[in-house]
Number of protein chains: 2
Amino acid sequence: LQVFLTSRKCVVEFSLGVKSLSEAKNAMVAQSGGPTCAINSSLSGVVSQASKYVEIDCMYGALYGIEGVLHNRVVNLSDSLKNPEDFRRLESTPSACLGTSRHRLPDPSEDIQVYERIFETFEKLNIGYFFYIGGNDSMDTVLKLSRYAAGIDSDIRFIGVPKTIDNDLDMTDHSPGYGSTAKFIAATFVEMTCDCESYAIPSVTIVEIMGRNAGWLTAASALARQEVTAPHLIYLPEMVFDCDRFLNDVKKQLLVRNTVIIAVSEGLCDSDGKYMSEYYHPSQKDDFGHTALSGVSSYLSNLVKSEIKCKVRPVELNIMQRCAAHFASATDIRESVRIGRAAVKAAIGGETGKFMAFVRNGSDKYSVKIKSVPLENVANKEKKLPVEWITKDGNDVTEAFFSYIRPLIKGEAYNVMSEGIPKRFVIDKESQSR
Amino acid sequence: LQVFLTSRKCVVEFSLGVKSLSEAKNAMVAQSGGPTCAINSSLSGVVSQASKYVEIDCMYGALYGIEGVLHNRVVNLSDSLKNPEDFRRLESTPSACLGTSRHRLPDPSEDIQVYERIFETFEKLNIGYFFYIGGNDSMDTVLKLSRYAAGIDSDIRFIGVPKTIDNDLDMTDHSPGYGSTAKFIAATFVEMTCDCESYAIPSVTIVEIMGRNAGWLTAASALARQEVTAPHLIYLPEMVFDCDRFLNDVKKQLLVRNTVIIAVSEGLCDSDGKYMSEYYHPSQKDDFGHTALSGVSSYLSNLVKSEIKCKVRPVELNIMQRCAAHFASATDIRESVRIGRAAVKAAIGGETGKFMAFVRNGSDKYSVKIKSVPLENVANKEKKLPVEWITKDGNDVTEAFFSYIRPLIKGEAYNVMSEGIPKRFVIDKESQSR
């Protein structure tokens with residue numbers, strides 16, 4: 001890892017004698033969990049803010065989340081991100097450009113060696129600050145690391161930065177990444193409605209949206225009603241799904257309109273707690289042992305086809321909904337940069353074991369401030385859509401939800417374009433690592 | 001239909017005595033075939049150009065293609081589209097706002113009454129010009145109508161305006177609608193690559209793209225290589241699909257990279273001429289009796305999962321690819337308006353039984369001119385991707401294809417935004433008709 005010691009900033013400051021190398025510390029940042037449009041924006045905020053402090057020398061990026069720390073796969077971000085153009089492109093690049101991971105740390109009581117290896121890497125790189133951008137599982141990682149650090153009297157500071165398209169993180173008004181996916185879903189529902197309504201024959205379109213246990217994204221489809229009548233029915237994982245009631249709802253809709261468009265969460269469960277997707281793909285598991293959730297729209301389409309006998313089309317928004325950076329929310333991207341910056345400020349201010357959260361100001365005009373909360377208040381918890389924001393019939397959302405979500409999708413994020421396609425920032429994970 | 005006789009333009013011109021009502025004729029326009037992002041732009045071009053001629057009084061829109069003419073479902077577009085803002089919103093609205101149809105006219109020898117009914121509507125509304133925006137099936141409709149008109153000595157002029165995301169219309173350099181879908185596919189491949197590459201584990205993503213018999217859209221995925229290495233394999237319907245060769249190709253790719261992203265056409269067939277989708281959904285037909293083509297990506301994903309045993313994800317771009325007006329090509333939208341205008345000019349100039357086509361100018365700087373060609377040269381024909389633009393291995397496209405497609409996706413089309421969502425132009429098909 002000698003290459004890092006020649007990093008320009010360290011050398012310059014050392015030779016100018018502004019401070020000795022032993023006083024300044026390096027920092028490390030990593031990304032974890034499912035990709036979003038905004039996780040690189042928070043990375044941008046962390047890196048740019050860190051460059052303002054004499055307390056921080058180099059900013060390292062661990063590749064593939066905590067696994068990069070474990071396996072010594074680290075890049076020097078102070079070298080990769082230099083001019084404003086780099087940061088702009090990073091902020092318009094979807095997914096996690098450092099790579100991501102779903103690796104969960106064991107308890108130190110089960111495997112202390114994992115922690116020893118991680119802190120060995122920290123020591124070798126003279127890390128004083130560690131920032132982890134992720135969801136509720138990832139916050140468990142930061143919490144465990146900060147507790148271990150306290151146990152060994154390490155003075156490394158650990159800060160969690162939120163991200164998840166699912167918006168299911170507790171203690172924060174909303175999560176970076178949610179607004180962009182919500183915006184894409186809303187616009188796509190408007191466009192799909194234009195498409196489906198152009199045919200004279202009756203049809204049912206069933207659109208499957210991400211969110212295993214929380215209906216925040218499925219509910220976002222309702223924003224399309226600014227422009228069209230769809231979605232006509234919304235089924236959220238917060239409510240027990242009943243096939244008979246569903247078929248009845250669809251039949252009623254077909255009495256009043258030709259084109260019925262339905263939003264369904266991938267995580268719908270019946271009264272036995274069984275995922276509806278399991279009826280479509282029995283016993284299929286994803287790579288992490290979770291039940292594979294895709295297939296709800298196909299299952300329900302087959303049901304409508306056999307019971308109602310009209311044209312039915314299943315649509316999965318699939319990974320497009322979490323990476324459509326070409327139509328990201330400017331509000332989301334701006335706030336994601338800001339919360340990354342705030343994480344660095346908090347760490348420099350002496351905080352550790354904290355998670356950064358948005359607090360919505362109470363006035364009519366939307367604005368947020370950022371506070372830090374203890375990690376144990378957020379790790380492993382899931383915030384569901386409040387039941388009072390779901391209509392009594394269980395197939396729609398109330399006006400309160402609209403007031404909540406409308407500001408989050410405002411504005412179109414900037415994209416650097418080249419020959420008709422957005423340009424993306426790339427970190428060469430192969431050549432720079434080790 | 002009395003309501004139309006009070007249309008402002010007719011009345012004003014009549015009262016001013018510029019010309020007598022009997023001299024001027026009305027015009028009619030309709031949309032047909034699968035929706036695109038640009039079919040409303042051509043409608044905009046037809047309506048705005050028609051308003052410039054004293055020879056044309058009102059512009060009527062037939063709802064749901066030729067069926068609107070048959071069933072007397074007509075709206076007055078001169079009333080609906082008044083100011084520049086209306087036209088701008090129409091041009092940024094995807095799909096066919098007049099409604100569309102896949103109805104095919106019988107031969108007059110089989111059913112003369114259909115033609116009599118259509119021409120009765122034309123006569124009642126004093127139609128002198130008929131514009132039909134559609135693909136190769138729709139051009140068959142215009143051809144039949146123009147031949148019937150010639151047979152009965154009608155002086156109504158019939159002009160076909162091209163549209164199809166599939167780009168399979170003959171006699172034109174490219175078709176309105178293709179550039180926008182190609183642009184969405186290219187950007188989405190870049191974004192999906194960012195998403196898939198963020199994981200450290202080997203994975204294969206198989207993306208299914210529209211185009212029953214022509215690979216123009218599947219090939220467009222290659223444009224993503226401006227920014228990323230994907231797609232790594234491209235399978236087009238022009239080539240016989242072989243499962244063993246496919247599995248071999250995938251295995252080879254997995255030797256050199258972790259993340260393999262594959263573009264497949266929905267219309268892939270094996271050497272028996274059987275659609276690969278039929279192996280996934282045996283005997284499933286769509287509403288027009290065609291074999292349902294979706295499912296290729298799911299079928300091939302299952303194949304890879306069982307034969308190669310790695311993480312595999314099927315993705316269908318589904319109807320999103322044909323209605324993503326929020327990211328339409330400015331070039332496509334501009335040209336689509338222009339070809340609509342040219343159709344009106346041709347009709348006013350005395351042409352009938354013609355189809356409007358783009359001719360690419362030979363110079364280095366991309367530009368097109370528009371010419372008219374006889375409808376019989378284009379109706380019912382399909383233009384496939386030239387074999388010389390497909391690599392010898394049959395799983396990629398050559399440089400010549402890039403030179404062809406690059407100009408077509410340039411620029412981002414204008415969208416009127418409202419609260420973070422594009423505004424759409426809506427014609428109320430229920431209240432205005434009859």
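**Exercise 1. Is Asn380(A) buried, partly exposed or exposed?**

Before you start: this is a predicted model.

*Solution.*
- Step 1: find the residue. Asn380(A) sits in the loop between β11 (368-374) and α15 (399-405) of chain A.
- Step 2: take its relative accessible area, which is 44%. Buried would mean under 20% and exposed over 50%.
- Step 3: conclude. Asn380(A) is therefore partly exposed.
- Extra: have a look at the backbone too. Phi of Asn380(A) is positive, about 65 degrees, although the residue is not a glycine.

**Exercise 2. Now sort Asp153(B) and Thr36(B) into buried or exposed**.

*Solution.*
- Step 1: Asp153(B) is in the loop between α7 (136-151) and β5 (157-162) of chain B. Its relative accessibility is 71%, so Asp153(B) counts as exposed. Here again is a residue other than glycine with a positive phi, near 60 degrees.
- Step 2: Thr36(B) is in a loop as well, between β1 (25-31) and α2 (39-50) of chain B. Its relative accessible area is 0%, so Thr36(B) is buried.
- Step 3: check who surrounds Thr36(B). Leaving out residues up to four places away in sequence, Thr36(B) touches Pro94(B), Ser95(B), Lys163(B), Thr164(B), Ile165(B), Gly177(B) and Arg322(B). A polar atom of its side chain also lies 2.9 Å from the backbone nitrogen of Ala38(B).

**Exercise 3. Check the length of helix α10 (residues 243-256) of chain A, then work out where its buried residues lie**.

*Solution.*
- Step 1: work out the expected span. The helix has 14 residues, and at 1.5 Å a residue it should span 20 Å. (The multiplier is one less than the number of residues.)
- Step 2: compare. The end C-alpha atoms of α10(A) are 21 Å apart, which agrees.
- Step 3: list the buried residues of α10(A): Phe246(A), Leu247(A), Asp249(A), Val250(A) and Gln253(A).
- Step 4: look down the axis. The buried residues of α10(A) fall within an arc of 160 degrees, so they line one face of the helix. Here's the handy background: an α-helix has 3.6 residues a turn, so residues three or four places apart point the same way.
- Step 5: flip to the face turned away from the buried side. There you'll find the exposed residues Asp244(A), Lys252(A), Leu255(A) and Val256(A).
- Step 6: ask what covers the buried residues. The cover includes β6 (203-209), β7 (233-235), β8 (259-265) and α12 (296-307) of chain A.
- Step 7: finish at the N-terminal end. Asp242(A) caps it, with a side-chain oxygen 3.0 Å from the backbone nitrogen of Asp244(A).

**Exercise 4. Describe how chain A and chain B meet: how many residues take part, and how many salt bridges are there?**

*Solution.*
- Step 1: count residues. Chain B brings 65 residues to the contact and chain A brings 65.
- Step 2: get the area. About 5200 Å² is buried between the chains, with 57% of it from carbon and sulfur atoms. Glu191(B), Glu227(B) and Ile421(B) supply 13% of what chain B buries against chain A, more than any other three residues.
- Step 3: count the charged pairs. There are eight salt bridges between the chains. Lys423(A) makes a salt bridge with Glu227(B), and their closest N and O atoms are 3.3 Å apart.
- Step 4: add the polar contacts. Across the interface, 28 residue pairs qualify, with both residues at pLDDT 80 or more.
- Step 5: find the main element. On the side of chain B that touches chain A, α8(B) gives the most, with 12 residues.

Notes: Residues numbered from 1 in each chain as written. Chains lettered and ligands numbered in written order. Predicted model: local features only at pLDDT ≥ 70, side-chain atom pairs only at ≥ 80, totals over all residues. Heavy atoms only, no water. Helix = DSSP H or I, 4+ residues; strand = E, 2+ residues; numbered from the N terminus. Buried < 20%, exposed > 50% of the residue type's maximum accessible area, 1.4 Å probe, protein only. Arc of directions from axis to C-beta. Contact = heavy atoms within 4.5 Å. Polar contact = N/O pair within 3.5 Å; in protein donor to acceptor, adjacent residues only side chain to side chain. Buried area = accessible area lost by both parts, 1.4 Å probe. Salt bridge = Lys/Arg side-chain N within 4 Å of Asp/Glu carboxyl O.
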